[in-house]
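This report describes strand pairing, burial and aromatic contacts in one protein model. The sequence and the model are shown first.

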Amino acid sequence: DNGLLLRDDVTASAFTLTPIVLTTSENLNDIALSLGTIQRAYVAGASGTLVSIPDIFAPVPSIAAPKPSQNFNGVALVPNSSGTVMVVGNNSVVFTYNTNVSTGITSGAKIKPVFTPALNDVNFANTQNGYIVGSKEIIRHTSNGGLTWQYVLPDAAGGGFNIPTLNGVWTTQNDKAIIIGDNGYKATIAGVTASENSLATVAVLKDVAINNSIGIGYIVGDA
């Protein structure tokens, strides 16, 4: 909340949290890291805030433009791209941003809206294939970089009437993903078909991340 951003310096025996000073006091909702040749960080927040950090080892944050009025809830780097990030938020907004390697300036544009309630998370397997999730059972899939989006029908073991808000998604490969949400909800997606395999908890699950190369991942949420 209130623009709090901390850098975690991990050693073999401990970690140290160091505040990074921002020019915004907006609440921050999601973060994405690029760990390739160019190591960047992007943070999505309220009131269209996207914080761009071109170098995570020497962080000099800036606020990307444009900065719409809608809240940004989720951000993801597009794999195999030249630093493209996708950001989703309230009122079905979907933006794409790029960072100029020479200047470090991040700019973007709104892409075709998907006309849904609030969108909470986004994740791509590559430049073309990804998923978004959100409130009121929203799941959408794209195979053309976000130009068009397909409906994915949610699945609930209770008969389909008690599907919670969806908070996180991770695209494991083309046309496949893991989604998580309220009340311990977890499902796998193949194409445009979701199959529930919820966890033995009623906790709110808030985010998911998976190392696709080794098949190990983590889910975080409320206690």
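Which residue stands opposite valine 88 of strand E8? In this predicted model, the residue facing valine 88 is glycine 74. The strands concerned, E7 (residues 72-77) and E8, run antiparallel and are joined by five bridges.

**Strand E8 and its partners**

Strand E8 spans residues 85-89, and five of its five residues are buried, so the strand is largely enclosed by the rest of the structure. In a regular strand, side chains alternate between the two faces of the sheet. In E8, Val85, Val87 and Gly89 point one way, while Met86 and Val88 point the other way. Residues of both sets are buried.

E8 also pairs with strand E9 (residues 94-99), again in the antiparallel sense, over four bridges. Here valine 88 has valine 94 of E9 as its bridge partner. E8 and E9 form a hairpin with four residues between them. Within the turn, asparagine 91 adopts a positive phi of about 55°.

**Aromatic contacts**

The structure holds three aromatic pairs. Two of them are listed below, with their geometry.

| Pair | Arrangement | Centre to centre | Angle between planes |
|---|---|---|---|
| Phenylalanine 72 and tyrosine 97 | edge-to-face | 6.4 Å | 80° |
| Phenylalanine 95 and tyrosine 97 | stacked | 6.0 Å | 20° |

The pair of phenylalanine 72 and tyrosine 97 links distant parts of the chain, with phenylalanine 72 in strand E7 and tyrosine 97 in strand E9, 25 residues apart. Ring pairs link Phe72, Phe95 and Tyr97 into a cluster. Are the members of this cluster buried or exposed? Phenylalanine 72 has a relative accessibility of 0% and therefore counts as buried. Tyrosine 97 is likewise buried, with a relative accessible area of 0%. Phenylalanine 95 is at 6% relative accessibility and so also counts as buried.

**The open sheet**

Four strands form an open sheet in the order E3-E4-E5-E6, with antiparallel pairing. The edges of this sheet are strand E3 (28-33) and strand E6 (62-63), each of which pairs on one side only. Strand E4 (residues 41-45) and strand E5 (residues 49-53) are joined in the antiparallel sense over five bridges. In this pairing, valine 43 has valine 51 of E5 as its bridge partner.

Technical notes: Residues numbered from 1 in each chain as written. Predicted model: local features only at pLDDT ≥ 70, side-chain atom pairs only at ≥ 80, totals over all residues. Heavy atoms only, no water. Buried < 20%, exposed > 50% of the residue type's maximum accessible area, 1.4 Å probe, protein only. Helix = DSSP H or I, 4+ residues; strand = E, 2+ residues; numbered from the N terminus. Pairing = 2+ DSSP bridges. Phe/Tyr/Trp six-rings, centres within 6.5 Å; stacked < 30°, edge-to-face > 60°.
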